[in-house]
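Subject: Structure for you to look at

Hi,

Here is the structure I said I would pass on. Have a look first, and then read on for what turned up in it.

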Amino acid sequence: MRKKKIIIIASIIVIAIIAITIFCFFNKNNYKTVEFGNNSIKSAENIKEYILNISSYEASISLEIVSNKSSNKYKIKQSYVSPNIFKQEVLEPSSIQGLTTIYDGNKLTINNTKFALNKIYENYQYISNNSLCLSDFIEKYKSSNNKKCKENEECVIMELKVEETNKYIAYEKLYISKKTLKPIKMEIEDINKKMLVYILYDEIKINSVNKEEVLAFKLKEQLNNI
């Protein structure tokens, strides 16, 4: 009888050990699956899709435009809300500081309080070739037949060849951080792959701005003119 009890107890212990082993095995594998799933969010393909589906952004950029004879640098603030609400304000240099361009989906307003400049263009079509804008790059990339996406250790790089006949703007590259999922910089080259425009995203907030915030400046100006 005693021997039988020992066998039963031993069997229970063995079953318990097997159960614990199986539990640990599946729990460990499940953890790995979850961890892999989180990491997969930052795969090149998923980062690309994330960028292509941006609905709004607010960015502070450092802009350099290179010509044959000179190089001009600017500090600019941009805001965008899909599908066609856009605002851009020049912060530097001081000579054109405050120059603001706003498109509300119908009208393009160019305003600079420093020089009392205020022009409104009725029924102006959205500036689809404004290559300084992230939203413009996204639309070009979506429709392009000549594009690719690659990666290095730190970045995902989205590249496209501009299909319009334009010797000045022929190639565009957008670099996105794998760590933050945010654009780092954009490069625009001519037909000879000479750098024309270099944009550094000093700060960018994605999907955190709405139409009312973008058009607030315009509304304020309209109230001031009443």
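The largest pocket holds about 200 Å³ of space. Keep in mind as you read that this is a predicted model.

Which strands each supply at least two residues of that pocket's lining? They are β7 (147-151), β8 (155-161) and β9 (171-177). The lining of the largest pocket includes Asn 146, Lys 147, Lys 148 and Lys 150, and further along the chain Glu 159, Leu 160 and Lys 161. Tyr 171, Glu 172 and Lys 173 line it as well, together with Glu 189 and Lys 193.

Two of those lining residues also meet each other: Lys 193 sits over the face of Tyr 171, at 4.9 Å from the ring centre. Lys 193 belongs to the loop between β10 and β11 (195-206), and its phi is near 60°, a positive value in a residue that isn't glycine. Is Lys 193 buried or exposed? With a relative accessible area of 51%, Lys 193 counts as exposed, because the cut-off for that is over 50%.

There is another lysine placed over a tyrosine: Lys 185 lies over the face of Tyr 175, with 4.5 Å to the ring centre. Tyr 175 has a polar partner too, since its side chain makes a polar contact of 3.2 Å with the side chain of Glu 187. Glu 187 is in strand β10 (residues 183-189). At a relative accessible area of 10%, Glu 187 is buried, because anything under 20% falls in that class. Leaving aside residues up to four places away in sequence, what does Glu 187 touch? Its contacts are Tyr 171, Glu 172, Lys 173 and Tyr 175, plus Met 195, Val 197 and Tyr 198. Tyr 171, Glu 172 and Lys 173 are pocket-lining residues, as listed above.

Next, the backbone. Most residues other than glycine have a negative phi, and most peptide bonds are trans, so the exceptions are worth listing. Besides Lys 193, Asn 207 has a positive phi, near 55°, and is not a glycine either. Asn 207 lies in the loop between β11 and α4 (211-214). Its relative accessibility is 38%, so Asn 207 counts as partly exposed.

As for cis peptide bonds, one runs from Ser 82 to Pro 83, with omega near 10°. Pro 83 is in the loop between β2 (71-81) and β3 (85-92). Another cis bond joins Glu 92 and Pro 93, where omega is about 5°. Pro 93 is found in the loop between β3 and β4 (100-103).

Last, the aromatic rings. How many aromatic pairs does the model have? The count comes to 2. One of them is Phe 137 with Tyr 141, a tilted pair at 5.9 Å centre to centre and with 35° between the planes. Both residues lie in helix α3 (residues 134-143), 4 residues apart, which is about one turn of the helix. Phe 137 is buried, with a relative accessible area of 0%, and Tyr 141 is buried too, at 3%.

If you open just one region, I'd go for the pocket, with Lys 193 over Tyr 171 and both of them in the lining.

Cheers

Technical notes:
Residues are numbered from 1 along each chain as its sequence is written. This is a predicted model: local features need pLDDT of at least 70, side-chain atom pairs count only at pLDDT 80 or more; totals for chains, interfaces and linings use all residues. Side-chain values use heavy atoms; hydrogens and water are left out. Buried means under 20% relative accessible area, exposed over 50%, partly exposed in between (1.4 Å probe, protein chains only). A polar contact is a pair of N or O atoms within 3.5 Å; within protein, one must be able to donate a hydrogen and the other to accept it, and residues adjacent in sequence count only if both atoms are side-chain atoms. Contact means heavy atoms within 4.5 Å. Rings of Phe, Tyr and Trp (its six-membered ring) pair if their centres lie within 6.5 Å; planes under 30 degrees apart count as stacked, over 60 as edge-to-face and the rest as tilted. A charge sits over a ring if NZ of Lys or CZ of Arg is within 6 Å of the ring centre and within 35 degrees of the ring normal. On a 1 Å grid over the protein atoms alone, a cavity is a set of points where a 1.4 Å probe fits but cannot get out, and a pocket is an open set with protein on both sides within 12 Å along at least five of seven lines; lining residues have an atom within 4 Å of a point. Grid points are joined across faces, edges and corners, and a volume is the space filled by probe spheres set on the points.
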